[in-house]
Amino acid sequence: MANRLQNTRAGAAVLALALTLAACGGEEKAKDAEAKAKGGAGSSQTVTVQAAALRNLPRTITASGTISAWEEVPVGAETGGLTATAVYVDEGRYVRQGAPLVQLNDALLRAQLRQQQAAVQTAEANAARDDAALARAQELKERGFLSQASLDTALANQRSSQANLAAARAALAETQTRLSQATIRAPVSGLVISRSVTRGQIVSPGTELFRIVRDGRLELDAQVPETDLAMVRAGQSAVIASDQVGETTGTVRIVTPEVDPQTRLGVARISLSGAGGFRPGMFARARIDAGANPSVTVPTAAVLYRENRPGVYILDNQSRARFRPVTIQSRSQQWTAVDGVQAGARVIVQGAGFLGEGDRVRVVAPAAPRAAAPAAAKSNQAAR
């Protein structure tokens, strides 16, 4: 009986000890969970913060497109059925307005011209004869030696001669015009970019023989996103670049009022100041100077890339870092203009590269510049 009582007391003591240890362990686990929930001070990342601000920054809009002619002028024959006897220019040649391009066979036209000239001379002689006859008839009528019917006949003959003379002169002018059209000339000054006529070819009227870029002027049909299209205006300067021929300057000539509903792109036509090595059909890029525009800016050092997307870490009211994707509008060494962040947002700058979504941070003042350290060292050496 005594042994049983001792065993009962020993079991109760062991049970009490086990309960005490269990209680202590649970309390420690609870404390650990609470520390993790609060993100203890020991796990906080030290960072600096700067507010996003609205600043007027130089805005550069990037676009790309195809080089095209400012104005392409097709050149064809006005008269047809004649053979090309000479071709004076080829592709790549710059021609002046009025310069001969093609000579057509004009032998038949020259023969017709001589015939028309003879017809005009005959009509002039007949008109002179009938003029003199009318003058005599009028004189005789005044003296009473000629009837009114005879005077009317002389007047009719004179008018018929004048009409025949006018018709002969018109036919001569037509032949002269056709003869001049046998020499096809450049209607404008410019660069010949295509030729489709050869010597010996019978040329039909209206057939395109050449294509000329008027004044040799080229332009870039730059495709601009609709979000930036409102900032592009005629007269703005631009830099046009190509990997093959380098760079040249240009000026925005016109911004088309239409946006492609499929691509959401508008077109800005940029006139090139000099063609250089650019040719119609080439691909090129443009940097359009849109001037100073108010934009929300953040420090350039605060912009990070997560999953190939630019963004910044914003400090929320619980001192936690929240990643905010942004769209970069322009960038300089110190500031970056972005879309996706409101002015006044607290942007994490130093230490942002070591953060993850929701990390608790501790904000400190930015480190003071250490430019005075070398000067102090020199002063100490001088003192020694």
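Two strands pair if DSSP finds at least two bridges between them. Helices (H or I, at least four residues) and strands (E, at least two) are DSSP runs, numbered from the N terminus. The structure is a predicted model, in which local features need pLDDT of at least 70 and side-chain atom pairs count only at pLDDT 80 or more, while totals for chains, interfaces and linings use all residues. Residues are numbered from 1 along each chain as its sequence is written, and side-chain values use heavy atoms, with hydrogens and water left out.

**Exercise 1.** Determine the strand order of the open sheet that contains strand 7, and identify its edge strands.

*Solution.*
Step 1. The sheet has four strands in the order 8-7-5-10, with antiparallel pairing.
Step 2. Strand 8 (183–185) and strand 10 (202–203) are the edge strands, since each pairs on one side only.
Step 3. Between strand 7 and strand 8 there are three bridges, in the antiparallel sense. Gln 103 has Thr 183 of strand 8 as its bridge partner.

**Exercise 2.** Describe the open sheet that contains strand 9, and state what its edge strands lack.

*Solution.*
Step 1. Four strands, paired antiparallel, follow the order 4-11-9-6.
Step 2. Strand 4 and strand 6 (94–95) stand at the edges with a single partner strand each, so one side of each has no neighbour in the sheet.
Step 3. Strand 6 and strand 9 (residues 190–195) run antiparallel and are joined by two bridges. Tyr 94 has Leu 191 in strand 9 as its bridge partner.

**Exercise 3.** Establish which elements supply the largest nonpolar core, and examine the contacts of Leu 104.

*Solution.*
Step 1. A nonpolar core is a set of buried Ala, Val, Leu, Ile, Met, Phe, Trp, Tyr and Cys residues joined through side-chain atoms within 4.5 Å. Buried means under 20% relative accessible area, exposed over 50%, and partly exposed in between (1.4 Å probe, protein chains only).
Step 2. The largest core has 29 residues, of which Leu 101, Val 102, Leu 104, Phe 210 and Ile 212 touch the most other members.
Step 3. At least two residues of this core come from each of strand 4 (72–76), strand 5 (82–87), strand 7 (100–104), helix 2 (107–143), helix 3 (148–181) and strand 11 (208–214). Helix 2 gives the most, with five residues.
Step 4. Beyond its neighbours within four places in sequence, Leu 104 is in contact (heavy atoms within 4.5 Å) with residues including Leu 82, Ala 84, Ile 184 and Val 203.
Step 5. Another core, of 24 residues, lies apart from it; Ile 61, Leu 218, Ala 268 and Met 282 are among its members.

**Exercise 4.** Locate the salt bridges of Arg 169, Arg 269 and Arg 322, and classify the exposure of the residues involved.

*Solution.*
Step 1. A salt bridge is a side-chain nitrogen of Lys or Arg within 4 Å of a carboxyl oxygen of Asp or Glu; the whole structure holds 14.
Step 2. Arg 169 meets Glu 124 at 3.3 Å, N to O. Arg 169 lies in helix 3 and Glu 124 in helix 2, 45 residues apart. Arg 169 is partly exposed at 44%, and Glu 124 is partly exposed at 35%.
Step 3. Arg 269 pairs with Asp 221, with the closest N and O atoms 2.8 Å apart. Arg 269 belongs to strand 15 (residues 265–272) and Asp 221 to strand 12 (residues 218–225), 48 residues apart. Arg 269 is partly exposed at 26%, and so is Asp 221 at 21%.
Step 4. Arg 322 and Asp 316 meet at 3.1 Å, N to O. Arg 322 is partly exposed at 33%, whereas Asp 316 counts as buried at 17%.
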